[in-house]
Amino acid sequence: MTDRTPQLRDALTRLPSYAAGKPPVGATDLTPYKLSSNENPFGPLPGVMEAIVDAAGGMNRYPDPMSDRLAEALAERHGVTRDHVALGTGSVGILQQLVQITAGPGDEVLYAWRSFEAYPIMTIIAGATPVQVPLGPGHRHDLSAMADAITENTRLIMVCTPNNPTGSVVHQSELDEFLDRVPSNILVVIDEAYVEFDRDPLSVRGLDTYRNRPNVAVLRTFSKAYGLAGMRVGFCIAHTRVANALRQTQVPFGVSSLAQAAAIASINAENELMQRVDHLVAERHRVEAALAQEGWDLPPSQANFIWLPLGERIGEFVDICEQVNLSVRRYADDGVRVTIGETEANDRLLTLTRSFVPDARH
Ligand SMILES: *Cc1c(COP(=O)(O)O)cnc(C)c1O
């Protein structure tokens, strides 16, 4: 007997940990609100619930492995061919596959930083090298620095717009200029997890961009605007070779029959769901306007969250949030991301920010 344990890959020692948003601690008698994971505060629509309950009756069977009905509904919804649609267990599941099909040891995956925390994790799991280009002024993508960072080893570029966690967007003209500089053998994925919340007319239109460029793909999710975070379903729209590779590398039967049914029902209920999104966008405007009035100077958000670059006062701010039963998401010493949630939760945030020491405002 030795005390040796199974040998795992060295890459794992380089993994940052994914800090999922925590539920509120419940230290007071105030209703706790979770504003730390960018979830949709609205529960499922009755029709979506019904579709899930129906599908549950068949849970002794495996799901449709290719999610055909859902893929067809998405193809029709977005005006693309069915073979350009690949489904996955949340867009994070597809993200992992996108790295797997493009990059391994010695290859580079390029993205802005800060951006979505799953990018470095998936890159390192694949054994590839993350290349992080700091955000530029206004917490926005610095696409010209990103173009400069491309090397002969670059295999995948992630562009997150609206960006998680800063809420900033890339404009179409900026993206076009960038893409003109990217060699066409590098896959560029536009992560549009929050696109439904974006009201900036200059923003990137991922699907239009993909249509004109064979090396561009679009990543979307049902987790945020569609309120299905717990169901785990997302999709990628990509040209045939990439979409085929995604289908080849998917975990067999990954997207459950309940998730497929919920997503189809949600596409059919899109009008109603988008009214909820409009409501959340109005709440975002209300919160941003109130914070501006309080003297905060924050980057404008086009997503369902806001970004507070608090610097040194970050710990104090998070503590105060916890004291009033709001869980928010801290990013080391950079800032705090707060999801736009229930009206009462947003109100409570605004009460708290009003009393926060003014010199902590940037
Ligand atoms: C939330 C999020 C996703 C999607 O996650 P799912 O796996 O689909 O739940 C993808 N990209 C970004 C930037 C996100 O913030």
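In the predicted model, Asp-334 and Arg-114 form a salt bridge in which the closest N and O atoms are 2.7 Å apart. Because Asp-334 lies in the loop between strand 11 (329-331) and strand 12 (335-339), whereas Arg-114 lies in the loop between strand 3 (108-113) and helix 4 (118-125), the pair ties together parts that are 220 residues apart in sequence. The two partners fall into separate accessibility classes: Asp-334 counts as partly exposed because its relative accessibility is 37%, while Arg-114, at 14%, counts as buried. Since buried means under 20% relative accessible area, the value of 14% places Arg-114 within that class.

A salt bridge also joins the side chains of Arg-199 and Asp-278, with an N to O separation of 2.8 Å. This pair again links distant parts of the chain, with Arg-199 in the loop between strand 6 (187-191) and helix 7 (206-212) and Asp-278 in helix 10 (residues 270-294), the two being 79 residues apart. Arg-199 is partly exposed, with a relative accessible area of 36%, and Asp-278 is likewise partly exposed, at 42%.

Helix 10 takes part in a further pairing through Glu-294, whose side chain meets that of Arg-354 in a salt bridge at 3.8 Å, N to O. Arg-354 belongs to helix 12 (residues 343-355), and the pair links parts of the chain that are 60 residues apart. Here the arginine counts as exposed, because the relative accessibility of Arg-354 is 52%, whereas Glu-294 is buried, with a relative accessible area of 13%. Beyond such individual pairs, salt bridges that share partners join Arg-114, Glu-117, Arg-329 and Asp-334 into one network. Over the whole structure, the search finds 19 salt bridges.

Turning to the ligand, the surrounding shell comprises 13 residues, of which Ser-91, Tyr-194, Thr-221, Ser-223 and Lys-224 come nearest. By residue class, this shell divides into five nonpolar, five polar and three charged residues, and its largest share, three residues, is contributed by helix 3 (residues 90-102). Several side chains place polar atoms close to polar atoms of the ligand: an N or O atom in the side chain of Tyr-194 is 2.6 Å from a ligand oxygen, and a polar side-chain atom of Thr-221 lies 2.5 Å from an oxygen atom of the ligand. On the nitrogen side, a polar side-chain atom of Asp-191 lies 2.8 Å from a nitrogen atom of the ligand. The ligand taken alone exposes 390 Å², and the protein buries 93% of that area.

Away from the ligand, a polar contact involves Asn-325, which is located in the loop between helix 11 (314-323) and strand 10 (326-327). The side chain of Asn-325 reaches the backbone oxygen of Leu-30 at 2.8 Å, and Asn-325 itself counts as buried because its relative accessibility is 1%.

The surface also carries a nonpolar patch formed by Leu-8, Leu-12 and Leu-15, which together have about 260 Å² of accessible area. Leu-8 is placed in the segment before strand 1 (33-34) and, with a relative accessibility of 61%, counts as exposed, because the exposed class begins over 50% relative accessible area.

Methods:
Residues are numbered from 1 along each chain as its sequence is written. This is a predicted model: local features need pLDDT of at least 70, side-chain atom pairs count only at pLDDT 80 or more; totals for chains, interfaces and linings use all residues. Side-chain values use heavy atoms; hydrogens and water are left out. A residue is near a molecule or strand if one of its heavy atoms lies within 4 Å of it. A polar contact is a pair of N or O atoms within 3.5 Å; within protein, one must be able to donate a hydrogen and the other to accept it, and residues adjacent in sequence count only if both atoms are side-chain atoms. Accessible areas come from the Shrake-Rupley method with a 1.4 Å probe; for residues, only the protein chains shown count as cover. Helices (H or I, at least four residues) and strands (E, at least two) are DSSP runs, numbered from the N terminus. Ala, Val, Leu, Ile, Met, Phe, Trp, Tyr, Cys and Pro count as nonpolar, Asp, Glu, Lys and Arg as charged, and the others, Gly among them, as polar. Patches are made of residues with over 30% relative accessible area and no salt bridge: like charges are joined within 9 Å, nonpolar side chains (Val, Leu, Ile, Met, Phe, Trp, Tyr) within 5 Å. A salt bridge is a side-chain nitrogen of Lys or Arg within 4 Å of a carboxyl oxygen of Asp or Glu. Buried means under 20% relative accessible area, exposed over 50%, partly exposed in between (1.4 Å probe, protein chains only).
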